[in-house]
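Please open the model in a viewer and keep the sequence panel at hand. The tour below proceeds by selection, with a short account of what each selection contains.

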Amino acid sequence: MAVAAKTTMPVAAGSGRRRYALLLALWDSEYAKNVYGGYRNVFVAAFGEEGERWDCFRVIAGEFPAPEDLASYDGFVVSGSPHDAYGEEPWVRRLCALLRTLHAMEKRVLGVCFGHQVLCRALGGRVGKARHGWDVGVKKVTFVRDLEGFGFLGGLEELPSSASLVEVHQDEVWELPPGATALAYSEKTRVEAFAVGEHALGIQGHPEYTADILHNLIDRLTGQSAIPASVGDEARRTVAETGGPDRVFWTGLCKRFLRGGESSSPRPPPVRDMAPEAMMTSLAVTDCPDRAFWMGLCKRFLGGGGSSPRPAAPVRDTAPEVMMTSLAATGCFGSAAAGRRSNGQLVGSQR
């Protein structure tokens, strides 16, 4: 099968000392195109660094990197998708074969949402429908305690007990691949992240999503009756209550993984990052405000200085003891059922 032309996108002018491939398993929503110029810009802005080269392949359309080019890439990122990671579409099966090849080459592969699930499948794990149904909103993800041997996590003293992450899925990992380690879990999803050595990392949520992307996706999913209105209302409530995802932490962790642990510690200051100007039209889209800080300051004022104005960083409450060894899990965007699609696709959604 012929390899389709790729889209090359440098982060900025530079020597291209690193080269990455973005494997897009979805079509751009109208919102992503109008505000960000497409999902490739969302990913590159979240995970890229100055001077790097990012080649984008629309694998859902049959675009794949040429076999002879694989060795030239420092890493690969697999996006979310409205399709099932356990499906049998030719492009899904071809993607699984590619991921097995990259694994044998020990190339770094980051899988997000659908990408997390299809990476699990390709390496010998099992994925399927989430046992607790849809998981949508900003949710607390808890890290497994006593993790060792993963350089991209940084020093364990720097790793928070938990961090908030955007979730939009109704499929999940049921069983980890051989040699994989579960890194994190949540109330509804027992494998929120897993790793195989230092070169394969799956994250069930969406580190790349900003709060505005999530709000737009919730609106479209409820408008299409893909999720009940009650699920949409609950998802919006989680954004308001959490103040948004700890996106700087998650994008920092992903950058550290893709660069072999060379970038700065994944633990962020409370200030969230601002989306780059390259993706804006009439306004600068940023992540959510540092709500916990401002609430704390106001409480201190009203209480005459009795409470601390500074929240305890992005670290949230201490995790319960982890209950996994040979895990069966809970994972990302289930089958796009009849009536949920537009021109064959669930518009703007990802698994």
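In which loop is the place of Cys-113? Select Cys-113 in this predicted model: the residue sits in the loop between strand E5 (108–112) and helix H4 (114–122). Its phi is near 60 degrees, a positive value in a residue other than glycine. With a relative accessibility of 0%, Cys-113 counts as buried.

Select Asp-146 next, which is not a glycine and yet has a positive phi of about 60 degrees. This residue belongs to the loop between E7 and strand E8 (162–169). Is Asp-146 buried or exposed? Its relative accessible area is 71%, and Asp-146 is therefore exposed.

**The whole chain**

Now show the full protein chain, in which there are eight helices and 12 strands. Of its 351 residues, 55% are buried. Among contacts between residues at least 6 apart in sequence, 78% join residues at least 24 apart. The chain exposes about 14,300 Å², and carbon and sulfur atoms supply 53% of that area.

Colour the chain by pLDDT. The mean is 80, and 71% of the residues reach 70 or more. Over residues 12–16 the value falls below 50, and this stretch has seven contacts in the model beyond near neighbours in sequence. Residues 264–288 also stay under 50 in pLDDT, and the model gives them 63 contacts beyond four places in sequence.

**Helix H6**

Select residues 229–242, which form helix H6. At 1.5 Å a residue, its 14 residues should span 20 Å, and the end C-alpha atoms are indeed 20 Å apart, so the two values agree. Which residues of H6 are buried? They are Gly-232, Ala-235, Thr-238 and Val-239. These four cover an arc of only 120 degrees around the axis, which places them on the same side of H6.

Add strand E7 (135–143) and helix H5 (211–223) to the display: the buried residues of H6 pack against both. Then turn to the face of H6 directed away from its buried side, where the exposed residues Ala-229, Ser-230 and Glu-241 are found. Continue along the chain to Gly-243, which follows H6 and has a positive phi, near 80 degrees.

**Salt bridges**

Side chains of opposite charge can pair when their charged atoms come close. With a cut-off of 4 Å between a side-chain nitrogen of Lys or Arg and a carboxyl oxygen of Asp or Glu, the count comes to 16 salt bridges.

Select Glu-52 and Arg-18, whose side chains meet in a salt bridge at 3.9 Å, N to O. Glu-52 lies in the loop between helix H2 (39–47) and strand E3 (53–58), and Arg-18 in the loop between strand E1 (7–10) and strand E2 (19–24), so the pair ties together parts that are 34 residues apart in sequence. Both residues are buried.

Move to Lys-139 and Asp-135, a salt bridge in which the closest N and O atoms are 2.3 Å apart. Lys-139 counts as buried at 18% relative accessibility, and Asp-135 is buried with a relative accessible area of 1%. Then select Arg-18, Glu-49, Glu-52 and Arg-259 together, since salt bridges that share partners join these four into one network.

Next, select helix H1 (residues 30–36), which contains both Lys-33 and Glu-30, three residues apart, about one turn of the helix. An α-helix has 3.6 residues a turn, so residues three or four places apart point the same way. Lys-33 and Glu-30 form a salt bridge, with 2.9 Å between the closest N and O atoms. Lys-33 is partly exposed at 39% relative accessibility, and Glu-30 is likewise partly exposed, at 49%.

**Helices H2 and H3**

Select H2. How many of its nine residues are buried? Seven are, so H2 is largely enclosed by the rest of the structure. The buried residues are Tyr-39, Asn-41, Val-42, Phe-43, Val-44, Ala-46 and Phe-47.

Finish at Thr-101 in helix H3 (residues 90–104). Thr-101 counts as partly exposed at 35% relative accessibility. Add Leu-70, 31 residues away along the chain: the C-alpha atoms of Thr-101 and Leu-70 are separated by 9.2 Å.

Conventions:
Residues are numbered from 1 along each chain as its sequence is written. Side-chain values use heavy atoms; hydrogens and water are left out. pLDDT is the predictor's confidence in each residue, from 0 to 100. Contact means heavy atoms within 4.5 Å. Helices (H or I, at least four residues) and strands (E, at least two) are DSSP runs, numbered from the N terminus. The expected span of a helix is 1.5 Å times one less than its number of residues. Buried means under 20% relative accessible area, exposed over 50%, partly exposed in between (1.4 Å probe, protein chains only). The arc is that of the directions from the helix axis to the C-beta atoms. Accessible areas come from the Shrake-Rupley method with a 1.4 Å probe; for residues, only the protein chains shown count as cover.
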